[in-house]
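Colleague: Could you take me through one part of this model slowly, with each term explained as it comes up? I would like to look closely at the charged side chains and what they pair with.

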Amino acid sequence: NDKFVQLRLSLDADMKKYGMIEKDDLKKLWRRLDYNGNNIVSLAEIDKMVVELVNAGQWPAWLNNKPALMRAYKKTTLRDGNGDSWVQKHEFSALLLNIFWF
C-alpha cells in the first residue's frame, strides 16, 4: 500500500485512458506531433499538440498547464534525453510520462 506505487498505478491507468500506452496509439500521437516528419519536436510543437488535444476534449484540461509543460520538456530534454533542445522519437514516451507527472 505504498502511496508512490498507488500514484504510479493511477498515472498508468490515466495514460492508458488517454492513448499514451499502446504502441499503435503512441505511433499516431507521434505522427501528429511530428507532422513534418523530421523525428524531432520543439516545445512549441508539444504545446500546440497539448492545446489541440485538450480543446478537442481528448485530454483533460489540467494537462494544458504551461509551467508544468515546460518542466516536463526540460526534464525530457536535459535528463531523459541527450541534452539538446529537441524531443526525439526515442524520448517521446518519457515526455508523455513527464507531461502527466508534472
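Modeller: What follows is a walk through the salt bridges and then through one charged residue without such a bridge.

This is a predicted model, so local features need pLDDT of at least 70 and side-chain atom pairs count only at pLDDT 80 or more, while totals for chains, interfaces and linings use all residues. Residues are numbered from 1 along each chain as its sequence is written, and side-chain values use heavy atoms, with hydrogens and water left out.

Side chains of opposite charge can pair when their charged atoms come close. The structure holds six salt bridges, a salt bridge being a side-chain nitrogen of Lys or Arg within 4 Å of a carboxyl oxygen of Asp or Glu. One of them joins D47 to K66, with the closest N and O atoms 2.6 Å apart. This pair links distant parts of the chain, since D47 belongs to helix α3 (residues 43-55) and K66 to helix α4 (residues 66-80), 19 residues apart; helices (H or I, at least four residues) and strands (E, at least two) are DSSP runs, numbered from the N terminus. D47 is partly exposed at a relative accessible area of 22%, and K66 is partly exposed at 43%, where buried means under 20% relative accessible area, exposed over 50% and partly exposed in between (1.4 Å probe, protein chains only).

Another salt bridge runs from K48 to E52, whose closest N and O atoms are 2.7 Å apart. Both residues lie in helix α3, four residues apart, which is about one turn of the helix. R32 is linked with K48 and E52 in a network of salt bridges. The charged end of K48 also sits over the ring of Y35, 5.6 Å from its centre; for this, NZ of Lys or CZ of Arg must be within 6 Å of the ring centre and within 35 degrees of the ring normal.

D34 lies in the loop between α2 (23-33) and β1 (40-41). D34 is buried yet has no salt bridge, and the nearest side chain of opposite charge, K89, is 7.2 Å away; Lys and Arg count as positive and Asp and Glu as negative, while His and the chain ends are not counted. A polar atom of the D34 side chain does lie 3.2 Å from the backbone nitrogen of N38. Leaving aside residues up to four places away in sequence, D34 touches N39, I40 and V41, contact meaning heavy atoms within 4.5 Å.

Key. A polar contact is a pair of N or O atoms within 3.5 Å; within protein, one must be able to donate a hydrogen and the other to accept it, and residues adjacent in sequence count only if both atoms are side-chain atoms.
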